[in-house]
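User: Could you zoom in on one spot in this chain for me and then work outward into what surrounds the rest of it? Keep it chatty, but give me the cut-offs as you go.

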Amino acid sequence: MASGQSGQGNPGPYLDTAPVRNGEATSSSPFQSHSQRDEGIAAPNSFQKWAVSRSPRNPEDGNGLVGENGLRGEAPEMPELPEVEVLRRHLDGVLRGRRVLSVEVLRPRLVRPTGTDALRALLVDMTVHAVGRRGKHLLFNGPHPSGTDGQIIGHLGMTGRMFVDDGVRELPRHAAVVLGLDQGRFVFEDPRQFGRFHADVSVLGGMGPEPWDPAWTPLVFGQRIAGSGRSIKELLLDQSVVAGVGNIYASEALWQAEILPTRPGRRLKPDECGRLWTAVRSVLEEAIALGLRVQPDFTAGAGGLFYYGESGTGSGVEERFRVYDRAGQPCSRCGGVIQRSVQGGRSSFFCRGCQR
Ligand SMILES: [Zn+2]
């Protein structure tokens, strides 16, 4: 099992996400080849379609989605790498070693393209070996007695939640997939049904390196964005550049690196690439560390996933953002006013006083 290799401040292992073959995690890198990487993200897997609110979701209506910054008509946020990583660690703790006894699919569209029968064949009698992560995808790996050791891929989409409970209480209204386990029950619920639970590994094919992949260096990052006329914000959101960064942490990293989100990638100097590379890892690590301090809530509707602003997470969760969702507020670094603009249909938050 590979462990995190970023050195200082790394909250722990991230790279134990390699596909399982013959019942063991492969020792090779889980990352795809450059030729696959350069193809970018296939449209059907565009995470931007799956944006989810970071706001508290009202259990009464099942989702309670609002646009970011309270704005209507704008794509709300989705869970990004830190939220998925925190959930991964919780699920790994409760699923590792569990054997799947039954598979119930209540929302067949969420298991496409694998389908209910194939999913059942892959999962029944599988023992969960580990729960990994690749970008924003959860990877459920484990040996199967048939020898066809499997990997099931879960994505939370906009409103997905995954949790393990005792199997006694009533299923949530939007339960999509339920796995009966030798101890307890795994539930994937998703009111908006943009999440997925399937075995189609092609969704991982276009992804770039994990932020803590030793192969992702400031030089590699700089080479990847050099020559691109796209804005650096859009490049950070491109999962083929680096996996797992979404709208919130792109804004935060750019603020930390003192770089305006609208700068074209090709205009960034090497020292700026280095600062941004550091900032990406730093803001993600900080968010993971914070998420791990939040007590997981596996009660009905909570799903063990921490979402910003959710009751029980405390006001400190909101306050940690330096620019995200803070338009009109003073910049903590220079006192300037934080501004909001829309790039590619998504909000960017930044400070003109200290970002160049
Ligand atoms: Zn500032």
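Analyst: Let's start at Asp325, which sits in the loop between α8 (316-319) and β11 (338-343). Helices here are DSSP runs of H or I with at least four residues, strands are runs of E with at least two, and both are numbered from the N terminus. Residue numbers start from 1 along each chain as its sequence is written. Bear in mind that this is a predicted model, where local features need pLDDT of at least 70 and side-chain atom pairs count only at pLDDT 80 or more, while totals for chains, interfaces and linings use all residues.

What catches the eye at Asp325 is the backbone: its phi is positive, about 65°, although it is not a glycine. Most residues other than glycine have a negative phi, and most peptide bonds are trans. Asp325 counts as buried because it has 21 C-beta neighbours inside 10 Å. The cut-offs are 20 or more other C-beta atoms within 10 Å for buried, 12 or fewer for exposed, and partly exposed in between, with the C-beta atoms placed from the backbone.

Gln193 makes a nice companion case. Its phi is also positive, near 60°, and it isn't a glycine either. You'll find Gln193 in the loop between β9 (185-189) and β10. Gln193 is partly exposed, though, since it has 16 other C-beta atoms within 10 Å. A third positive phi, near 60°, belongs to Glu258, which follows α6. For a backbone oddity of another kind, look at the cis peptide bond joining Arg112 and Pro113, with omega about 0°; Pro113 lies in the loop between β3 (100-105) and α3 (116-123).

Since Glu258 has brought us to α6, let's stay there. All of it is tucked away: 10 of the 10 residues of α6 (residues 247-256) are buried, so the helix is largely enclosed by the rest of the structure. Those buried residues pack against α5 (232-237), α7 (270-293) and β12 (346-351). Packing here comes down to contacts, meaning C-beta atoms, placed from the backbone, within 7 Å of each other.

One α6 residue deserves its own mention. Leaving out residues up to four places away in sequence, Ala253 touches Leu236, Leu276, Ala279, Val280 and Val283. Ala253 and Val280 touch the most other members of the largest nonpolar core, which has 75 residues. Such a core is a set of buried Ala, Val, Leu, Ile, Met, Phe, Trp, Tyr and Cys residues joined through C-beta atoms within 7 Å. Its largest share, 9 residues, comes from α7. The core draws at least three residues from each of domain 1 (20-26 + 45-204) and domain 2 (218-351), with bounds from an automatic or database domain assignment.

Now for a sheet. Four strands form an open one, ordered β4-β5-β6-β10 and paired antiparallel; two strands pair if DSSP finds at least two bridges between them. The edges are β4 (130-134) and β10, each pairing on one side only. From one strand to the next, the twist averages 20°; axes are lines fitted to C-alpha atoms, for helices over the stretch in contact, and angles run from 0 to 180 degrees between N-to-C directions.

Inside that sheet, β6 (residues 150-155) is mostly covered, with 5 of its 6 residues buried. It is joined to β5 (residues 137-142) by 6 bridges, and Leu139 stands opposite Ile153. With β10 (residues 196-198), β6 has 3 bridges, again antiparallel, and there Gly154 faces Phe197. Helix α2 (residues 81-95) lies across β4 and β5, at about 165° to β4.

Phe197 leads on to Val177 in β8 (residues 175-181): beyond four places away in sequence, Val177 touches Val105, Leu110, Val111, Phe188 and Phe197. Val177 counts as buried because it has 27 C-beta neighbours inside 10 Å.

Stepping back, the chain has 8 helices and 12 strands, and buried residues make up 47% of its 356 residues.

Key
Two residues are in contact if their C-beta atoms, placed from the backbone, lie within 7 Å.
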